[in-house]
Amino acid sequence: MKLTNKNYYSQKANQAYFSVSQVKDFMKCEAYAMAKINGEWVEEPTPAMMIGSYVDSFFEGTLDEFKEQNPQIFKKDGTLKSDYIKAEKIIERVSQDELFMKCMSGQKQIIMTGELFGANWKIKMDSYLPDEAIVDLKCVRKLRDITFR
């Protein structure tokens, strides 16, 4: 199966390739992970996931498309809901950081596949600077909320 931006998150792709997200699902609960892989359980995007997707779409140059596909991010008067105004502030702030912007200057949403432990794996990079960096952009509410294991 050839992976593309259109089919990367599809059930068929998730059955053909492992991903870090799937490993995390298996660590939570094997039945949950298998239900997602088999299409028996579809995870609804959380507000935090939607905010992250908003910021991601800005950096990949698809923010207008994201807004068009997600009318629920707007109030009745057509302005952004408060969470997405905060996302705009995140974008504004990080855009002023030279190192951050260098990291985000690579090729966007590059898909790579490989074999590891006898299984096929997939990765989709937010920003790829060959021989320099693989960037996986994450938005967090507070840095203090992050726990390390």
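**Entry 1: salt bridges**

I looked up E132 and found it exposed, at a relative accessible area of 53%. I apply the terms thus: buried is under 20% relative accessible area, exposed is over 50%, and partly exposed lies in between (1.4 Å probe, protein chains only). I note that this is a predicted model, in which local features need pLDDT of at least 70, side-chain atom pairs count only at pLDDT 80 or more, and totals for chains, interfaces and linings use all residues. Residues are numbered from 1 along each chain as its sequence is written, and side-chain values use heavy atoms, with hydrogens and water left out.

I then looked for the partner of E132. The side chain of E132 meets that of K102 in a salt bridge, with 2.6 Å from N to O. This pair joins distant parts of the chain, 30 residues apart: E132 lies in the loop between β2 (119-129) and β3 (133-135), and K102 lies in helix α7 (residues 98-103). For helices and strands I follow DSSP runs numbered from the N terminus (H or I, at least four residues, for helices; E, at least two, for strands). K102 is partly exposed, with a relative accessible area of 43%.

I record the rule for the pairing: a side-chain nitrogen of Lys or Arg lies within 4 Å of a carboxyl oxygen of Asp or Glu. By this rule I count three salt bridges.

Another of them is formed by D25 and K36, whose closest N and O atoms are 3.0 Å apart. D25 is in helix α2 and K36 in helix α3, eleven residues apart, and the pair again links distant parts of the chain. I find D25 buried at 9% relative accessible area, while K36 is partly exposed at 26%.

K138 and D136 also meet through their side chains in a salt bridge, at 3.3 Å from N to O. Here K138 is exposed at 58%, and D136 is exposed at 51%.

**Entry 2: helices α2 and α3**

I turned to the helices that hold D25 and K36. Two packed helices are described by the angle between their axes and the distance between the axes. Helix α2 (residues 20-28) packs against helix α3 (residues 30-37) at an angle of about 140 degrees, and their axes are 5 Å apart. The axes are lines fitted to C-alpha atoms, for helices over the stretch in contact, and the angles run from 0 to 180 degrees between N-to-C directions. Angles under 35 degrees count as roughly parallel, over 145 as roughly antiparallel, 65 to 115 as roughly perpendicular and the rest as oblique. α2 and α3 are therefore oblique to each other.

Which residues make the contact of α2 and α3? On α2 they are Q22, D25, F26 and K28, and on α3 they are E30, Y32, A33, M34, K36 and I37; contact means heavy atoms within 4.5 Å. I sorted these residues into five nonpolar, one polar and four charged. In this sorting Ala, Val, Leu, Ile, Met, Phe, Trp, Tyr, Cys and Pro are nonpolar, Asp, Glu, Lys and Arg are charged, and the others, Gly among them, are polar.

I looked more closely at Q22, which is buried at 6% relative accessibility. Apart from neighbours within four places in sequence, Q22 contacts N14, Y17 and I37.

**Entry 3: aromatic pairs**

I searched the whole structure for aromatic pairs and obtained six. Rings of Phe, Tyr and Trp (its six-membered ring) pair if their centres lie within 6.5 Å; planes under 30 degrees apart count as stacked, over 60 as edge-to-face and the rest as tilted. Y54 and F66 have ring centres 5.9 Å apart and planes at 85 degrees, so I class the pair as edge-to-face. Y54 belongs to helix α4 (residues 47-60) and F66 to helix α5 (residues 63-69), twelve residues apart. Both Y54 and F66 are buried.

F58 and F59 are also edge-to-face, because their planes stand at 90 degrees, with ring centres 5.0 Å apart. F58 is partly exposed at 33%, whereas F59 is buried at 10%. Ring pairs further link Y54, F66 and Y84 into a cluster.

**Entry 4: M50 and L63**

I located M50 in helix α4, and it is buried at 11% relative accessibility. Not counting residues up to four places away in sequence, M50 touches P45, F66, N70, Q72, I73 and Y84. M50 and Y84 are 34 residues apart along the chain, with 8.9 Å between their C-alpha atoms.

L63 is in helix α5 and is buried at 12% relative accessibility. With neighbours within four places in sequence left aside, L63 contacts Y54, S57, F58 and E88.
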